[in-house]
Amino acid sequence: VDPSHFWDFRGCTGVSQVDAVEGSSLAATFMNGATCTAEGIVLDGDDDYVDVDDFEFGGAIAFEVYVKYDTFKHQSRILAFDNGIESDNV
């Protein structure tokens, strides 16, 4: 089964990356200083993140990430489906 949405952040340029699936226009926008390198997204561990446009998902779903930590901090989440720390989070 082909993915419905796919982003490859290795070597991307600019302040956002558009979904690589043909016909999709979902964007992943780099926030608060997040940058892109040949290895992927670089986050400073303070307040950087990638904001993906809203989309409805359900049924069978998978997320794949490769993470390389330099240090760990409180609330250092890899994937967050929420509206902030104080909200009802998934």
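pLDDT is the predictor's confidence in each residue, from 0 to 100. Keep that in mind here, since this is a predicted model.

**Exercise 1. Find out how confident the predictor is, for the whole protein and for its elements.**

Start with the whole protein: the mean pLDDT is 82. Next, look at how the residues share in that: 90% of them reach 70 or more. Then go element by element. Strand 2, residues 27-31, has the highest mean pLDDT, at 91. Strand 1 has the lowest among the elements, at 87.

**Exercise 2. List the elements of the protein and give its overall dimensions.**

Count first: you'll get five strands and zero helices. Read from the N terminus, that gives β-β-β-β-β. Now for the dimensions: the C-alpha trace spans about 35 × 35 × 20 Å along its principal axes. Last, check burial, where a residue needs under 20% relative accessible area to count as buried. Of the 90 residues in the protein, 13% are buried.

**Exercise 3. Work out the strand order of the open sheet and say which strands stand at the edges.**

Step one is the order: three strands make up the open sheet, arranged 1-2-5 with antiparallel pairing. Step two is the edges. Strand 1 and strand 5 (49-52) each have a single partner strand, so one side of each has no neighbour in the sheet. The twist from one strand to the next averages 20°.

Step three is to go through the pairings. Strand 1 and strand 2 are joined by three bridges in the antiparallel sense, and here Gln17 sits opposite Ala28 in strand 2. Strand 2 and strand 5 also run antiparallel, joined by four bridges. Look for Phe30 here, opposite Val50 in strand 5.

**Exercise 4. Track down the aromatic pair and classify its geometry.**

A search of the whole structure turns up one aromatic pair. The partners are Phe9 and Phe30, with 6.1 Å from centre to centre. Their planes are 65° apart. Planes over 60 degrees apart count as edge-to-face, so that's what this pair is.

Now place the two rings along the chain. Phe9 belongs to the segment before strand 1 and Phe30 to strand 2, so the pair links distant parts of the chain, 21 residues apart. To finish, check the burial of Phe30: its relative accessible area is 9%, so Phe30 is buried.

**Exercise 5. Locate the disulfide, give its handedness and say what it ties together.**

Searching the whole structure gives one disulfide. It's formed by Cys12 and Cys36, whose sulfur atoms are 1.9 Å apart. That fits the cut-off, which asks for sulfur atoms within 2.5 Å.

For the handedness, turn to the torsion about the S-S bond of Cys12 and Cys36: it is about 105°, so the disulfide is right-handed. Next, see where each end lies: Cys12 is in the segment before strand 1 (16-18), while Cys36 is in strand 3 (residues 35-37). The pair therefore ties together parts that are 24 residues apart in sequence. Are the two cysteines buried or exposed? Both Cys12 and Cys36 are buried.

How values were computed: Residues numbered from 1 in each chain as written. Predicted model: local features only at pLDDT ≥ 70, side-chain atom pairs only at ≥ 80, totals over all residues. Heavy atoms only, no water. Helix = DSSP H or I, 4+ residues; strand = E, 2+ residues; numbered from the N terminus. Buried < 20%, exposed > 50% of the residue type's maximum accessible area, 1.4 Å probe, protein only. Pairing = 2+ DSSP bridges. Axes fitted to C-alpha atoms, helices over the stretch in contact; angles between N-to-C directions. Phe/Tyr/Trp six-rings, centres within 6.5 Å; stacked < 30°, edge-to-face > 60°.
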